[in-house]
Amino acid sequence: MNVSSLRYMQVKEHLIRHIASLKPNDRLPSRTVLSETYQAARTTIERAVSELIGEGLLYARDGSGTYVSEANTGNALLEGNGVKTWGLLIPDILHYIYPGIVRGVGDVANNHDVNVIICNTDNEYEKQTKHINKLIESKVHGVIIVPAISGAIDLQPFYKLKESGIPFVFCHRMLEGIQAPRVISNNFYAGYIATKHLIASGCKKIAYISRPVYSASSDRYQGYVCALSEAGIPVRRDRILFESSFETDGEGYYSAQRILAGDDRPDGIFCFNDGIAKGAYDAAGEAGLKVGTDLGIAGCDDTNICGTLKPKLTSVKFQTYETGVQAARLLCDGTEDNQTIVQQPELIIRESSSVV
């Protein structure tokens, strides 16, 4: 699913919520006003309005405008007498991981005649709380959540969801302290298979560069440690670096510079994600090291970055589409809070981790 398609879905959901607040035969704002309100292209607005006319929620009068149909009974659009609605909370709709999850959720929702409201949290607990509260007020039928990881943890919205009787499912990762069905990626295994592969490729002094400590980075670290221990390779603290910020500018680069500066430099690096791996490539080049020959590198997420780097980057691929599908199915099935589905990643081997 491309960015324009994701944006269109957002606009359509905003329009559905706006229509729910109007009365039958109320006039919809002009296309120009809607375009400015939702910061969307005119063509995106036209597509969303046309579909809502086709679905019977709106009707057009020649030369007069677009109006709310008699089928609109206020919140019935959101409460189940009309269009069923789910909320989907993700950190960033443009981030390379999440379009696959959105597509998976969207396909299942479409098969069940459910609309999806997509909410960006920017990985911040404060924004996550605001979105959940708004979804509760809108009386959605369910919520799928990729939990935020930045800021002061706020569990109250999840208690409110339970009190409101709105089911929710954790997706991609879970949140400690809250019991709910979950579909999670096996980050431990990701770290394990990437590090094990670097060892098999001839690396004996492998570093780990990660984003700040949270559940995924910790799990990948544990997988990294397990692979080293199995091979009888000592775990050295000076070859492990958790970055201090989630900012993407310079990620991996300064950490790799530091790790590669010593006399006893690593011969391999397992990177938390492909963005960090790209920074490690840059630092290695400045140090006069050739990736894939002097230094083996493996990343995570198998993004389009992998093909742009020279040599191409070995990376762990997560089943993002299937994760979204399974999360949506759990929401449909109304499973128990202890239901857990673990998605296993796979290693995509390329030239960056060839024999050193």
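## A cavity, a pocket and a central strand

About 40 Å³ of space lies in the largest cavity of this protein. The model is predicted. The structure holds one cavity of 30 Å³ or more.

Eight names make up the cavity's lining: Lys204, Ile206, Tyr224, Leu228, Ile233, Pro234, Arg236 and Arg239. By class, five of these lining residues are nonpolar and three are charged. No polar residue takes part in the lining.

Now turn to the open space. The largest pocket has a volume of about 540 Å³. Its lining counts 27 residues. Which of them lie nearest the pocket's centre? They are Pro91, His95, Asn123, Arg211 and Phe246. The lining of this pocket splits into nine nonpolar, nine polar and nine charged residues.

The table sets the two linings side by side.

| Space | Volume | Nonpolar lining residues | Polar lining residues | Charged lining residues |
|---|---|---|---|---|
| Largest cavity | about 40 Å³ | five | no polar | three |
| Largest pocket | about 540 Å³ | nine | nine | nine |

Next comes the protein as a whole. The chain has 356 residues, and 53% of them are buried. The protein contains 13 helices and 14 strands. Along the principal axes, the C-alpha atoms fill a box of roughly 75 × 45 × 35 Å. The accessible surface is about 15,800 Å². Carbon and sulfur atoms hold 47% of that surface.

How do contacts spread along the sequence? Take the contacts with a separation of 6 or more. Of these, 73% join residues 24 or more positions apart.

One strand deserves a closer look. Strand 5 covers residues 142-145. Are its residues buried or exposed? On one side, Gly142 and Ile144 are buried. On the other side, Val143 and Ile145 are buried as well. Both faces of strand 5 are therefore covered, since buried means under 20% relative accessible area.

Strand 5 also has partners. Strand 3, residues 84-90, pairs with strand 5 in the parallel sense over four bridges. Within this pairing, tryptophan 86 has glycine 142 of strand 5 as its bridge partner. Strand 6, residues 168-172, also runs parallel to strand 5, and three bridges join the two. Here valine 143 has phenylalanine 168 of strand 6 as its bridge partner.

Put these pieces together. Glycine 142 is buried in strand 5 and bridges to tryptophan 86. Valine 143 is buried on the other side and bridges to phenylalanine 168 in strand 6.

How values were computed: Residues numbered from 1 in each chain as written. Predicted model: local features only at pLDDT ≥ 70, side-chain atom pairs only at ≥ 80, totals over all residues. Heavy atoms only, no water. 1 Å grid on protein atoms, 1.4 Å probe; cavity = no way out; pocket = protein on both sides within 12 Å on 5 of 7 lines; lining within 4 Å. Points joined across faces, edges and corners; volume = space filled by probe spheres on them. Nonpolar A, V, L, I, M, F, W, Y, C, P; charged D, E, K, R; others polar. Buried < 20%, exposed > 50% of the residue type's maximum accessible area, 1.4 Å probe, protein only. Contact = heavy atoms within 4.5 Å. Areas by Shrake-Rupley, 256 points an atom, 1.4 Å probe, with all protein chains shown as cover. Pairing = 2+ DSSP bridges.
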